[in-house]
Each structure stands twice: as C-alpha cells, then as structure tokens.
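Here is a friendly walk through a protein chain and its bound ligand. Have the sequence and the 3D view to hand as you read.

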Amino acid sequence: MAQEEGGSLPEVLERVGALHGITDLGQKLQFYDRWAPDYDQDVAALQYRAPSLAVDCLTQALPRLPPTALILDVACGTGLVAVELQARGFLQLHGVDGSPEMLEQARARGLYQRLSLCTLGREPLPSPEGTFDAVLMVGALSDGQVPCSAVPELLRVSKPGGLVCLTTRTNPSNLPYKETLETTLDQLERGGMWERLVAQPVDPPVPRMASSPASSTYTGRGGEGCGPRLNKPWLFQF
Ligand SMILES: C[S@@+](CC[C@H](N)C(=O)[O-])C[C@H]1O[C@@H](n2cnc3c(N)ncnc32)[C@H](O)[C@@H]1O
C-alpha cells in the first residue's frame, strides 16, 4: 500500500486501526513484517512526528551529548529514529526490533553499526549492563507491543547518568496501557532508579482527508479530518 502504488490516507488509517486492534504480540510482529516495505510511506502520510520529537527532546535535555555517544534505538522499526539522530550528528547507533522484516528495512538504510532481533518482554536486550549513553524507544510502548515490564531492561543497558527517552500514545484505546506505564515509571523513580527530566504532551496532527475512517483508534472530527494522537515523549535520566 505504498503511496505511489495508490494507497490513500483512509486506507493507511484503516491499516493502522487494524494494527492497533491486535493485542497479541506475535500477531503484531507478523503484521509489522508485512507492513515493513510500506511503513515509511504510510507513516509519512499520517505526519508521524514521534521520531523527530523524541530526538528533539533528547538533544534539548542534554545539548552537550557528544556525537560519539553510543545510542540504542529500541523497537527501531525501519530506522526513522536513526535518520533523525544522524541528522543531528549522532553516528554510533545500535538498533533492536522484534520484526525481522522491519530490521531488514533498517539495515538497508545503513545507519546502524549493529542491528539485532530481540523481542522485548520475552527476552533481554542483547547488551551488557551500562552500555549506552542514551536509549530511545519510539512508537512501541502500547498495548500488544512492548510490555511495561520491559522498561527496567532499558535502564539496565544504560550507563549511570545515561538518558532514556520514551514515547507513548494518548488515544483512548491506549489509555489503560499509558496508565500502567506511568505507574511503572513512577515506581522506578520512587525507587531511585531514575529521575524524570521532561514529560512533554504533544498535539496530534490533523491530516486532511475526504472522509472519516472506520476506526475507533483515531479521534474523528466529523468529516473535517482525523489523525492519530501523537506520542508523548518522556525523558528520564538515572
Ligand atoms: C510503530 S513501529 C515504530 C518503529 C520506529 N521506532 C519508528 O518510530 O518509526 C513499532 C516497532 O516496534 C516493534 N515492536 C513491537 N513490539 C515489540 C517487542 N515486544 N519487542 C521488540 N520490538 C517490538 C515493531 O516490530 C515495530 O518495528
């Protein structure tokens, strides 16, 4: 359903709505496998800004993060976060994802020094304790994707004083997950594991379209337009 092959915005929204309806992790990763070749065009049509927002959030919180910083992109997908990181001069990038086909797309970009297949929630990250200066996870903290129980794994592989930047969605179907996530993050903070530096709500974009999609995942506004609630970046330091 690449845009140049005739995929329309309603079709893209329907596809994303179907994705959000899948709560089984294995099925979700298979969906990503099939979506991988068209993912970039489809999310561009949705004005998906989470990768640039997260990287902005990271670099604004720590403007002196050196270009030599070793950064892990968790649930890297096709590598859109790496594109943003490279544009800001960061070149030491590792990525992990649970979808082999998404990883293939990321590999084709040639921006990561290392890419690994890893399913968060089922297995640990393939890195020793205290490896990374910064860890990002963009677009994967939601129901049926990365479970909240995997968050401590991000801390484990971060260096002391390292940064962890996370995003989640605020659309109604994701609210129960987001609540659990916030509880998890608060518990880790109360336990002295990390300190919250930034929590930044983000307004959703409103892509123009001719008619509303039949998807409860999005906030429709009559026939005027609708769009996904954008991810909400958090930045934690511990
Ligand atoms: C919406 S995409 C986001 C990709 C990329 N971070 C971006 O912002 O474009 C979500 C990605 O998370 C991956 N994913 C979902 N659940 C996962 C899990 N439990 N472990 C590893 N990867 C997962 C999917 O394969 C997919 O590539």
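The notes below go from the overall fold to the ligand shell, the nonpolar cores and two backbone details.

Please keep in mind that this is a predicted model. The protein chain is made up of eight helices and nine strands. Buried residues account for 41% of its 238 residues. If you take the contacts between residues at least 6 apart in sequence, 73% of them join residues at least 24 apart.

Let's turn to the ligand. Its surroundings comprise 22 residues, and A75, G77, G98, S99 and G139 come nearest. At least two residues of this shell are supplied by each of α2 (25-35), α4 (50-61), α5 (80-87) and β4 (132-141). By character, the shell splits into 14 nonpolar residues, seven polar ones and one charged. Both domain 1 (2-44) and domain 2 (49-237) contribute to the shell, so the ligand lies between them.

Next comes the nonpolar interior. The largest nonpolar core has 55 residues, and the members touching the most others are A54, V74, L136 and M137. Strand β4 provides the largest share of this core, with eight residues. Because domain 1 (2-44) and domain 2 (49-237) both give residues to this core, it too lies between them. A second core of five residues, including V12, L13, V16 and A45, lies apart from it.

For a closer look at one member of the larger core, try V74. Leaving aside residues up to four places away in sequence, V74 touches V96, L120, V135, L136, M137 and L154. L136 also has a bridge partner in β5, namely C165. Strands β4 and β5 run parallel and are joined by six bridges. Strand β5 (residues 158-168) is mostly covered, with eight of its eleven residues buried.

Finally, which non-glycine residues here deserve a look for a positive phi? Most residues other than glycine have a negative phi. Q47 and A75 depart from that pattern, and the table sets them side by side.

| Residue | Phi | Loop | C-beta neighbours within 10 Å |
|---|---|---|---|
| Q47 | about 55° | between α3 (39-45) and α4 | 13 |
| A75 | about 60° | between β1 (70-74) and α5 | 24 |

With its 13 neighbours, Q47 counts as partly exposed. A75 is buried, because 20 or more other C-beta atoms within 10 Å are needed and A75 has 24. A75 is also one of the residues that come nearest to the ligand.

Notes. Residues numbered from 1 in each chain as written. Predicted model: local features only at pLDDT ≥ 70, side-chain atom pairs only at ≥ 80, totals over all residues. Near = placed C-beta within 6 Å. Helix = DSSP H or I, 4+ residues; strand = E, 2+ residues; numbered from the N terminus. Nonpolar A, V, L, I, M, F, W, Y, C, P; charged D, E, K, R; others polar. Domains from an automatic or database assignment. Core = buried A, V, L, I, M, F, W, Y, C linked by C-beta atoms within 7 Å. Buried ≥ 20, exposed ≤ 12 C-beta atoms within 10 Å, placed from the backbone. Contact = placed C-beta atoms within 7 Å. Pairing = 2+ DSSP bridges.
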